[in-house]
Amino acid sequence: MNHEVIVTCALTGAGDTVGRSPHVPVTPAEIAASAIEAANAGAAVVHIHVREPGTGAPSREVALYREAVRLVRESDVDVVVNLTAGMGGDLVLDQEDPLKPVDGTDLVSALDRLPHVEELLPDICTLDCGSLNFGEGSQLYVSTPDMLRIGARRVQELGVKPELEIFDTGHLWFASKMVEEGLIDAPPLFQLCMGIPYGAPADPGLLQAMVNMLPEGAQWASFAIGRDQMPWVAQSVLLGGHVRVGLEDNLYLARGVKATNGQLVERAVGIVRDLGATVVGPDRAREILGLKERVHA
């Protein structure tokens with residue numbers, strides 16, 4: 001069991017959720033306000049995507065990240081900033097002509113997924129550690145070994161901690177190989193992502209097996225989507241990990257009750273404490289994860 005637990009809140013994600021809940025933040029100001037709400041509720045880390053303010057569509061626009069991060073950093077609330085670097089990996093194929101990408105494709109190189117990380121130097125950024133059949137239809141998420149090594153090397157040069165996003169056991173195998181190759185500084189940080197079609201199912205036995213595969217000295221967290229989000233808080237803590245909740249992964253506090261990010265964090269904090277563990281603040285989280293101290297202008 002983990003007795004010092006870091007709670008991460010994934011604020012908005014890139015999914016088609018904006019029309020399904022009024023609480024999903026869209027504008028940089030809304031995202032920053034939600035980050036502050038989550039931090040006040042007990043989250044030591046906030047995981048940030050951005051969206052086009054007019055449509056709610058997912059975005060890679062650096063200016064939107066710049067504004068959201070500025071508002072968080074200029075607030076009087078301390079929180080560890082974790083920016084996604086997973087955008088730019090979407091490939092949607094034409095079934096009749098598989099070499100022809102169609103609407104919905106947003107596929108760029110490893111370095112072109114990092115300009116906001118290079119400018120803003122967050123505490124943490126994500127690296128999605130493998131390709132995946134993403135749900136039904138013909139959509140793929142593309143993250144090849146070459147792309148990952150290039151991205152990991154650049155993030156290492158920047159002094160940003162990569163959070164290694166693991167959607168299946170092969171992703172964990174390759175991420176561990178990057179650790180062996182010296183592309184990931186100690187301690188490596190893994191996020192075990194469960195229940196996303198068609199990656200690793202949200203199965204407790206599989207989570208245990210993946211934990212058993214982690215390299216020695218790794219820090220790790222896990223989450224599951226939808227109604228499995230809160231049970232997975234307990235699963236993760238009991239197996240020695242940290243936890244993630246938030247509207248990126250689940251919109252509900254209970255059946256028919258739409259949640260805010262702050263409410264999801266409050267619920268997770270209660271579960272952690274009921275298990276007899278401590279929810280740590282951002283300073284202790286930085287120590288546990290080996291994050292570099294930064295002074296931002």
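This dialogue reads one helix, its neighbouring strands and some salt bridges in a predicted model.

Reader: I should like to begin with helix α6, so which of its residues are buried?

Author: The general idea is that an α-helix has 3.6 residues a turn, so residues three or four places apart point the same way. In this structure, helix α6 covers residues 204-213, and its buried residues are L207, M210 and V211. Seen down the axis of α6, these buried residues fall within an arc of 105 degrees, so they line one face of the helix.

Reader: What covers the buried residues of α6?

Author: The cover includes two helices, α5 (169-180) and α7 (229-238), together with the strands β12 (161-166), β13 (189-194) and β14 (219-224).

Reader: And what caps the N-terminal end of α6?

Author: That end is capped by D203, which has a side-chain oxygen 2.9 Å from the backbone nitrogen of G205.

Reader: Let us turn to the strands, then; how should I read the side chains of a strand, and how many residues of β14 are buried?

Author: In a regular strand the side chains alternate between the two faces of the sheet. As for β14, five of its six residues are buried, and the strand is therefore mostly covered, buried being under 20% relative accessible area.

Reader: Do β13 and β14 pair in the parallel or the antiparallel sense, and over how many bridges?

Author: They pair in the parallel sense, over six bridges, and within this pairing L192 has S222 of β14 as its bridge partner. The two strands also belong with the helix we began with, since β13, α6 and β14 make a right-handed β-α-β unit.

Reader: How many bridges join β14 to β15?

Author: Two bridges join them, and these strands run parallel; here S222 stands opposite V243 in β15. Between the two strands the chain passes through α7, and this β-α-β crossover from β14 to β15 is right-handed.

Reader: Now for the charged side chains: how many salt bridges does the count come to?

Author: The general idea is to look for a side-chain nitrogen of Lys or Arg within 4 Å of a carboxyl oxygen of Asp or Glu, and by this rule the count comes to 15 salt bridges. One of them joins R60 and D106, whose closest N and O atoms are 2.9 Å apart. R60 lies in the loop between β5 (58-59) and α2 (62-74), while D106 lies in strand β8 (residues 106-107), so the pair ties together parts that are 46 residues apart in sequence. R60 is partly exposed, at 31% relative accessible area, and D106 is likewise partly exposed, at 24%.

Reader: Which side chain meets that of E119 in a salt bridge?

Author: It is the side chain of R66, with 2.5 Å from N to O. E119 lies in helix α3 (residues 115-120) and R66 in helix α2, so this pair ties together parts that are 53 residues apart in sequence. E119 counts as partly exposed at 41% relative accessibility, and so does R66 at 38%.

Reader: What about R244 and E165, where do they lie along the chain?

Author: These two form a salt bridge with their closest N and O atoms 3.9 Å apart, and the pair links distant parts of the chain, R244 in strand β15 (residues 242-245) and E165 in strand β12, 79 residues apart. R244 is buried, with a relative accessible area of 3%, and E165 also counts as buried, at 4%.

Reader: Which residues are linked with R244 in a network of salt bridges?

Author: The network links R244 with E165, E248 and D249.

Key: Residues numbered from 1 in each chain as written. Predicted model: local features only at pLDDT ≥ 70, side-chain atom pairs only at ≥ 80, totals over all residues. Heavy atoms only, no water. Buried < 20%, exposed > 50% of the residue type's maximum accessible area, 1.4 Å probe, protein only. Helix = DSSP H or I, 4+ residues; strand = E, 2+ residues; numbered from the N terminus. Arc of directions from axis to C-beta. Contact = heavy atoms within 4.5 Å. Polar contact = N/O pair within 3.5 Å; in protein donor to acceptor, adjacent residues only side chain to side chain. Pairing = 2+ DSSP bridges. Right-handed = clockwise from strand over helix to strand, strands pointing away.
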